[in-house]
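Got the viewer open? Let's take a short walk through this one, one selection at a time.

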Amino acid sequence: MSKRIKGADGQTYKMVSPSDSEARKRTIEIVLSVVSMIVSVISLASGFGAAAFVDAVGGGGIYTGKLVLGILLSVLAFSFVFFLNKKHTLFSWAIIVVGIILLLLCGDFGIAGGIMFIITGIIALIRK
């Protein structure tokens, strides 16, 4: 049953309030995710020169593989932001976990992007 309120003109109106089924605006999370992805991809792409040199000397391709995996994880974490309205807690924690994996997996080149994705996930978790 809806709540009725009386207006200044003396008529009765139905009070309108947002329901839980309406989507919450996630502008802050989307902007932070875009910035995180840009920082992450730029920092990871800058490491391809060093990874190519190390792999040529005897790295076996593992360093280039780590950087490619880091870029794929950045895109994955970015895409998780668009599912926050469906399963808020699950995708917030998924962004945090991907940020931690990115931070630990890609060495010096994944630090900035990993920290930014962790911050994005924490803000998404706090904003319900």
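Start by selecting helix 2 (48-59) and helix 3 (62-80): each of them supplies at least two residues of a nonpolar patch. Keep in mind that you're looking at a predicted model.

Now pick out the patch itself. Show Phe53, Val54, Val57, Ile62 and Tyr63 as sticks; this nonpolar group sits on the surface, with about 510 Å² of accessible area together. Helix 2 gives the largest share, three residues.

Click on Tyr63 next, which you'll find in helix 3. Is Tyr63 buried or exposed? Neither, quite: its relative accessibility is 40%, and since partly exposed covers the range between under 20% (buried) and over 50% (exposed), Tyr63 counts as partly exposed.

Stay with the same pair of helices and look at how they meet. The axes of helix 2 and helix 3 cross at roughly 150 degrees and come within 7 Å. To see the contact, select Phe48, Ala51, Ala52, Val54, Asp55 and Gly59 on helix 2, then Ile62, Tyr63, Thr64, Leu67, Val68 and Ile71 on helix 3. Color them by type and you get nine nonpolar, two polar and one charged residue.

Last stop: jump to helix 4 (residues 88-105) and select Ile96. Ile96 has a relative accessible area of 7%, so it is buried. What does Ile96 touch, leaving out residues up to four places away in sequence? Turn on Ile118, Gly121, Ile122 and Leu125 to see those contacts. Then try a distance from Ile96 to Gly110: C-alpha to C-alpha they're 14 Å apart in space, and 14 residues apart in sequence.

Terms used:
Residues are numbered from 1 along each chain as its sequence is written. This is a predicted model: local features need pLDDT of at least 70, side-chain atom pairs count only at pLDDT 80 or more; totals for chains, interfaces and linings use all residues. Side-chain values use heavy atoms; hydrogens and water are left out. Patches are made of residues with over 30% relative accessible area and no salt bridge: like charges are joined within 9 Å, nonpolar side chains (Val, Leu, Ile, Met, Phe, Trp, Tyr) within 5 Å. Accessible areas come from the Shrake-Rupley method with a 1.4 Å probe; for residues, only the protein chains shown count as cover. A salt bridge is a side-chain nitrogen of Lys or Arg within 4 Å of a carboxyl oxygen of Asp or Glu. Helices (H or I, at least four residues) and strands (E, at least two) are DSSP runs, numbered from the N terminus. Buried means under 20% relative accessible area, exposed over 50%, partly exposed in between (1.4 Å probe, protein chains only). Axes are lines fitted to C-alpha atoms, for helices over the stretch in contact, and angles run from 0 to 180 degrees between N-to-C directions. Contact means heavy atoms within 4.5 Å. Ala, Val, Leu, Ile, Met, Phe, Trp, Tyr, Cys and Pro count as nonpolar, Asp, Glu, Lys and Arg as charged, and the others, Gly among them, as polar.
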